[in-house]
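Here are a few exercises to work through with the coordinates open. Try each task before reading its solution.

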Number of protein chains: 2
Amino acid sequence: MLDFDFYNPTRIVFGKDRLVELDTLVPKGAKVLVLYGGGSVERFGTLEKVTSALKEREVVTFGGIEPNPKYTTLMKAVEVVKAEKIDFLLAVGGGSVMDGTKFVSLASGFEGNPEELLACGFNPVPVEKALPLGTVVTLPATGSEMNSGGVISHNKGKFPVFSPLSFPVFSILDPTLTATLPPTQVANGIVDTFIHTVEQYVTYPVSAGFQDRTAEGILQTLIEVGEKTLADPDDYDARANLVWCATMALNGLIGAGVPQDWTTHMIGHELTAMFGIDHGKTLAVLQPSIWTLRKEQKRGKLLQYAERVWGITEGDEESRIDEAIGRTRAFFESLGIRTRLSDYGVTEDKIDDVVKALEAHGMVALSETGDVTPEVSRRILAHALHGA
Amino acid sequence: MLDFDFYNPTRIVFGKDRLVELDTLVPKGAKVLVLYGGGSVERFGTLEKVTSALKEREVVTFGGIEPNPKYTTLMKAVEVVKAEKIDFLLAVGGGSVMDGTKFVSLASGFEGNPEELLACGFNPVPVEKALPLGTVVTLPATGSEMNSGGVISHNKGKFPVFSPLSFPVFSILDPTLTATLPPTQVANGIVDTFIHTVEQYVTYPVSAGFQDRTAEGILQTLIEVGEKTLADPDDYDARANLVWCATMALNGLIGAGVPQDWTTHMIGHELTAMFGIDHGKTLAVLQPSIWTLRKEQKRGKLLQYAERVWGITEGDEESRIDEAIGRTRAFFESLGIRTRLSDYGVTEDKIDDVVKALEAHGMVALSETGDVTPEVSRRILAHALHGA
């Protein structure tokens, strides 16, 4: 096991009809900015429930945070924070709204040019104070509700932003709030959670028993509930399991003391920025190809994944790994997610642009060992075109 | 899945030779009371490393916290806190020292009679402020390093004490600090961790995929590393896995959103208080009998436990459950832990006294459904005498 630090102070409030507890969770007398995305939280009444639960507190709203939240949009929210002297931020939405709200929290307290906050990569941003924030989760996927990071889009790039100051103080996870989601968003969330898990698990073995078993448990749970929760959004237990797995997959727990490989996410971000493909779909496209091309580097863990997650024990190593990759692809497809880059209209002549974007964003030594060079990324993308 | 709250702000610092980081973890200028147990932390040099890492801070020491820490001992530490105007408590030891330090932290800030803090059962104690505390773990077992509870002994009883104020601010988990432990203490710790896990898992099914799989992962990891870490205390990976599993088994994670059954611990506490049997050994004695007598109530989860933890899939339900119970007992025995009450010199005529003590301490409706009456406890104890 590798050495690690683990710290996660977010309070989770999980269950049906718990929005009313906002009144005890948000400081008395706080002036609250409620941030959200499109109209669905208005349409389905969530926004009204939220403002009603906040009772006599002064509430300002800021809607229109788009998927892959933009720096320029978020800076408008920062202006509102300053003009209205906001004390507390409440994100009501999915990963984009929560990530964006974290950025607003950090940028509001930052003295310098907020664009600098996008240039810190995987290092914490140099911010000394941030506005406290809470979240109400309406889309299970990113785990943003229980971690301190976000991804912000700017000038055709996606930039990670981290700070120990941006853990939500609390997150309300009511699975019933997710029941009205379109199936494609739920499917994207399942894939995102799945890939968060394997990027912290399918690396190289370091004898981390708890972490490995817990990652496998998340994957097995997703496989169990994936199709079920799509078929019946009102199946509370299935949806609750998805919601809790999404949170647990990226709150630091399964990544503590093990190597991590964020190749899939980093290449995926470029595909979203360049072609507008949904984040979850970029991951479903890339992961089978990454494993196929990197069998040697990941052999031990791929075999463990094959056996423990898919129960594959027959055949030689090569065929067990191939079968595990095939089952993974089939799982994504069973959720209605296409798994070839060509399915999204991307053609071979575009791959060079993606590789250039990776280089421009410094993504030149990806993976758990830093050996995914732009040339390896190119091979991955070429393979992902047709998945073969 | 049941509704739940999850909150755990303890910072974990895990790995070799990390004691030096005490200097950044403990507030500058704090006057520190270092609490410990017997002489082993002195003998093996841990205490000296701790005080050296605290650098120029004023340090007062308080040794002699016994296993099953006594109220009377801890109140002496409270006197030291007051007389010396201590700002920060540092527990260096195992569960007893950590539990005791939590009590010192709470009692130091309590205006009333501190004995009242023992009478709150599973409710938080009515304390408004507490001294901050950190821990350096030398014995993996109780999980006290990452939760807010403790168990305090007083007048032949053992009393749980909880408060959201008594989460350690940080805990340093250096598996190498545990290498000098006597094997019997390591074995006790493995059993304690195992039982913490099953008391939150072998109850009745509520479709909690993540929690069940994570509990199963802890159990499987303990089974994998148990004998290995006893045989070779310097096997770092084995010991690291034990240490992390002990923390994860009782930090709220696997118990969130599922029923909990603390029958084994509650009856076990009486056996320790009355006969001085090590805590871990009381659990090993009771668990097989509790499962044997409560097969009906726990059938679904016992079958799941048999299949997923022990790989038992052949035979009818009854025989699968019996085999799982037998394998559990054999596992404890493989660690050198005897699993019959008679092995510890307890005779049938003493059972009545244990049942009376349970009644006196209000333990009259134990289990996940409250149906373990004193009469059921009596049958459990009678069965546990000879394990049949």
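**Exercise 1. Find out which residues of chain A the UniProt domain annotation covers, and what secondary structure they hold.**

Keep in mind that this is a predicted model. Start with the record: the unreviewed UniProt entry carries the annotation "domain: Fe-containing alcohol dehydrogenase-like C-terminal", and in chain A that covers residues 187–358. Next, tally the secondary structure over residues 187–358: you get 67% helix and 0% strand. Finally, take the C-alpha atoms at the two ends of that stretch, which sit 26 Å apart.

**Exercise 2. Work out how strand E7 of chain B pairs with strand E8, and whether E7(B) is enclosed or not.**

Step one is the pairing. E7(B) runs antiparallel to E8 (residues 157–162) of chain B, with six bridges between them. To pin down one of the bridges, take B:Gly149: its partner in E8(B) is B:Phe162.

Step two is the turn. Two residues separate the strands of this hairpin, and B:Asn155 has a positive phi near 45 degrees.

Step three is burial, with buried meaning under 20% relative accessible area. Five of the six residues in E7(B) (residues 149–154) are buried, so the strand is largely enclosed by the rest of the structure.

Now step back to B:Ser148, in the loop between strand E6 (133–137) and E7 of chain B. Its relative accessible area is 14%, so B:Ser148 is buried as well. Leaving out residues up to four places away in sequence, B:Ser148 touches B:Lys102, B:Val161, B:Phe162, B:Ser163, B:Ser166 and B:Phe167. B:Phe162 is thus a contact of B:Ser148 and also the bridge partner of B:Gly149.

**Exercise 3. Describe the interface between chain B and chain A: how much area is buried, and what holds polar contacts across it?**

Interface size is often quoted as the accessible area lost when the parts come together. Here that comes to about 3300 Å², with carbon and sulfur atoms giving 54%. On the chain B side, B:Met1, B:Phe210 and B:Arg213 lose the most area to chain A, together 20% of what that side buries.

Counting contacts, 39 residues of chain B meet 39 residues of chain A. Then go polar: 17 residue pairs are in polar contact, both residues at pLDDT 80 or more. The elements of chain B that each supply at least two residues to the side touching chain A are strand E1 (4–6), strand E2 (11–14), helix H7 (209–231) and helix H8 (236–249). H7(B) gives the most, with 10 residues.

For charged pairs, the rule finds four salt bridges across the interface. One of them joins A:Asp5 to B:Arg18, with the closest N and O atoms 2.6 Å apart.

**Exercise 4. Place B:Leu2 and B:His383: buried or partly exposed?**

B:Leu2 sits in the segment before E1 of chain B. With a relative accessible area of 34%, B:Leu2 is partly exposed. Now look along the chain: B:Pro259 is 257 residues away from B:Leu2, yet their C-alpha atoms are separated by 7.9 Å. Beyond its neighbours within four places in sequence, B:Leu2 contacts B:Val206, B:Gly257, B:Val258 and B:Pro259.

B:His383 belongs to helix H14 (residues 374–386) of chain B. At 13% relative accessible area, B:His383 is buried. Its contacts, not counting residues up to four places away in sequence, are B:Ser289, B:Thr292, B:Leu293 and B:Ala388.

Conventions: Residues numbered from 1 in each chain as written. Chains lettered and ligands numbered in written order. Predicted model: local features only at pLDDT ≥ 70, side-chain atom pairs only at ≥ 80, totals over all residues. Heavy atoms only, no water. UniProt positions renumbered as here; feature names shortened; annotations may be inferred. Helix = DSSP H or I, 4+ residues; strand = E, 2+ residues; numbered from the N terminus. Buried < 20%, exposed > 50% of the residue type's maximum accessible area, 1.4 Å probe, protein only. Pairing = 2+ DSSP bridges. Contact = heavy atoms within 4.5 Å. Buried area = accessible area lost by both parts, 1.4 Å probe. Salt bridge = Lys/Arg side-chain N within 4 Å of Asp/Glu carboxyl O. Polar contact = N/O pair within 3.5 Å; in protein donor to acceptor, adjacent residues only side chain to side chain.
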